[in-house]
Amino acid sequence: MFASATIHTNRFLLRQFCSDDLAFVFEGLSHPDVILYYGVRYSSLEETNEQLIWFNDLQKNETGIWWAICDKENLSLLGAIGFNDLSKTDQKAEIGFWLLPEHWGKGIIKEVANPVCNYAFEKLGLIKIEAVVETKNENSKKVLQKLDFDYQKTMENCEIKKDELISLAIYIKLKREDIS
């Protein structure tokens, strides 16, 4: 099992999720603006507990790790960021993130994503981080570009969501080797 990992940035504390975070996770993953392009949505606290179990199982099975993004000053919860589909064999994982809408546009993901990616490269031994984004999700695509993720390709009409075909854009970030 991956050890719990706390990450600090100038403004934020990232920590693993716990059972006390249930109401917050429900608030985020039931909010229409958050789930618009997100693959998960919940309609009750009881249902949302599955997400906390999933976070725990990822870590226990070493297939991912997710952090709650907290304001350093008052420890209020703002969003989440993490990895799933982690493959030790292929040394890669998929990154995901979300914020409550009142925290959008404040550079939060930009500030926390680089330390999270560095953790994946240095502590988890990954060489590649992938991001899969619905093509209509312009905000996430812009964030990934600011984080130096490279656009790879678009998979056209590859999934069905709300009875409509959607396309997914694939971005990657590779571990940069220090050149001496």
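These legends go with several close-up views of one predicted model. Residues are numbered from 1 along each chain as its sequence is written, and side-chain values use heavy atoms, with hydrogens and water left out. Because the model is predicted, local features need pLDDT of at least 70 and side-chain atom pairs count only at pLDDT 80 or more, while totals for chains, interfaces and linings use all residues.

**View 1. Strand 3 sits between two pairing partners, strand 2 and strand 4.** Strands here are DSSP runs of E with at least two residues, and helices are runs of H or I with at least four, both numbered from the N terminus. Two strands pair if DSSP finds at least two bridges between them. Strand 2 (residues 12-15) runs antiparallel to strand 3, with four bridges joining them. Strand 4 also pairs with strand 3 in the antiparallel sense, over six bridges. Look for cysteine 70: its bridge partner in strand 2 is leucine 13, and it stands opposite leucine 77 in strand 4. Six of the seven residues of strand 3 are buried (under 20% relative accessible area, with a 1.4 Å probe and protein chains only), so this strand is largely enclosed by the rest of the structure.

**View 2. Leucine 75 is in the loop between strand 3 (65-71) and strand 4 (77-87).** This hairpin has five residues between its strands. Leucine 75 isn't a glycine, yet its phi is positive, at about 60°.

**View 3. Aspartate 85 and alanine 131 make a nice contrast: one is exposed, the other buried.** Aspartate 85, in strand 4, has a relative accessible area of 53%, and exposed means over 50%. Aspartate 85 also has a positive phi of about 55°, although it is not a glycine. Alanine 131, in strand 6 (residues 128-134), comes in at just 3% relative accessibility. The two residues are 46 apart along the chain, and their C-alpha atoms are separated by 11 Å. Leaving aside neighbours within four places in sequence, alanine 131 is in contact (heavy atoms within 4.5 Å) with residues including Ile95, Phe149 and Tyr171.
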